[in-house]
Amino acid sequence: MQPIVALSFLGLATLGAVACGGDERRTTEPPSPVAVASVILSPTTATLVVGTVSEFTATARDSAGKTLTGRDVVWTTTDPMVAWVSDVGEAKGEGEGSVTITATIEGVSASAVVSVAAAVPTGTPVTFASIVTGGAHSCALTSSGAAYCWGRGESGQLGAPPPTTQCILDVGPLACSAYPVSVGGGLSFSLLTAGGAHTCGLTSDGSAWCWGRNNSGQLGDGSNTSRFAPVAVATGLKFASIDAGGEHTCALTSGGAAYCWGRNTRGQLGDGMSTARSSPTPVSGGLTFRSITAGGFAGVGGPGNDHTCALASNGAAYCWGDNEAGQLGQFTSDLNAHAVPAPVAGDGRYSAITAGLGRHTCALSLAGTASCWGQNSFGALGNGNTSNSSAPVAVSGGYTFARLVAGGFIGHTCGVTSSGVTTCWGDNERGQAGDASTNNRLQPVRVKGELPFVELDAGFSHTCGRTATGSVYCWGAGAAGQLGTGLAKDRAVPGRVVGKP
């Protein structure tokens, strides 16, 4: 080490002597970057089929025609509902029509025209009076109370025999329908809810009916047999509301008494036990509620991760069940069964609460501001970071919401503001945030299309919304047909639900 130090000092002395001798040494500034004179886009035209992708490349050149490297490209599209473009120039067809894709480098642009054709006949747009989403299926009611479902259907969650169509999923080929199919039984419903792989509804007199997967008794008919058409829940009770989680279901009577049934490994039924129930069981604690929400996802081969939350008449929030990521909002996170309702941290009063089909919960204050708690690995809490929170944290952006829904295995959330703007945040791997990207969002981003939704619901990895005129649009994961667009493909922007051609 000593010789190196000596040489360093010698070098400094030499430089000093030269400087004293009057030899000028000036620092040389790096040359200014060569200006971009033109951008070459390839290809200049492309024809896509809905669901397919075309790659574009943008090359910057100087005034002499020399290629310039290392320049950032900004990609835009004139209509993401027809074709959207990623940050690296991949354009994906979303709907029939024509758009212009533009690449801009340092203020200089070039454009290409993209035409998008339908992959299959899209069918006739249909209208519905309400919409709900489950794990990988969706359901809706007509104005007359007729129920329709679409998406994954091997367990009977569509309320019909398994469709003959096979969708290729991560777990292999499974029965599915990319179009709405009629729920059997001829019943007329006033309300629907969809869980992990089961669906339930209330008729006008408050009778509860369920169908689909029943491995934990989540259909409430006293058995563990899956059903391909609605079966009556085994109770003489009449309910005013009902909500389905991953593998359990909860409902409220008109007097606010809460009952739950199904999987109970983490105390999600709230009856003080951890034993599954195949018929309605009263929630412990003597509390009465004005709304109830069942969350969590099906724990096939595992303990299940269901939790439940509810609002008391004064707006106070209570939660119970799984708390692995702090989704009960009680300042803790653990693997214990929380089998009785306990208050959510703080003294907040809420107008609405929603438990995601994963491990997070969100609620609206009386003033319409949103807060969330629980798992935040991909931004489902919307507060700008990815740290879990076992107490409510405010959603960023300053929005005032009229509606809020939580969904997702690892969490995404969507809301409609009081002015009709739809935003989403969190996990966006399958496009469930609807902003024409597949980048996770840590804060609310606007859903493309500016559609005026009056109702929203969020499944494992997809989202659906309904307009006041009854048009239903879905986006996100679509490999099981759960978007109802006639195609078993993902969409990063809303696509309209259609009937069979």
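Which residues touch the most other members in the largest nonpolar core? Select V36, L41, F56, W75, I101, V114 and V116: they do so among the core's 24 residues. A nonpolar core is a set of buried Ala, Val, Leu, Ile, Met, Phe, Trp, Tyr and Cys residues joined through side-chain atoms within 4.5 Å, and buried means under 20% relative accessible area with a 1.4 Å probe, protein chains only.

The model is predicted: local features need pLDDT of at least 70, side-chain atom pairs count only at pLDDT 80 or more, and totals for chains, interfaces and linings use all residues. Numbering starts from 1 along each chain as its sequence is written, and side-chain values use heavy atoms, without hydrogens and water.

Next, colour β10 (108-117), one of the elements that give two or more residues to this core. The largest share, 5 residues, comes from β10. Strands are DSSP runs of E, at least two residues, numbered from the N terminus.

Now select W75. Leaving aside neighbours within four places in sequence, W75 is in contact (heavy atoms within 4.5 Å) with residues including L41, F56, V85 and I101.

Move to the largest pocket, with about 850 Å³ of space. A pocket is an open set of points on a 1 Å grid where a 1.4 Å probe fits, with protein on both sides within 12 Å along at least five of seven lines; lining residues have an atom within 4 Å of a point. Of its 37 lining residues, select D243, L404, V405, L456 and D457, which lie nearest the centre.

Finally, the second largest pocket has a volume of about 720 Å³. Select A136, R152, D170, F409 and F460, the closest to its centre of the 28 lining residues.

Conventions: Points joined across faces, edges and corners; volume = space filled by probe spheres on them. Buried < 20%, exposed > 50% of the residue type's maximum accessible area, 1.4 Å probe, protein only. Helix = DSSP H or I, 4+ residues; strand = E, 2+ residues; numbered from the N terminus.
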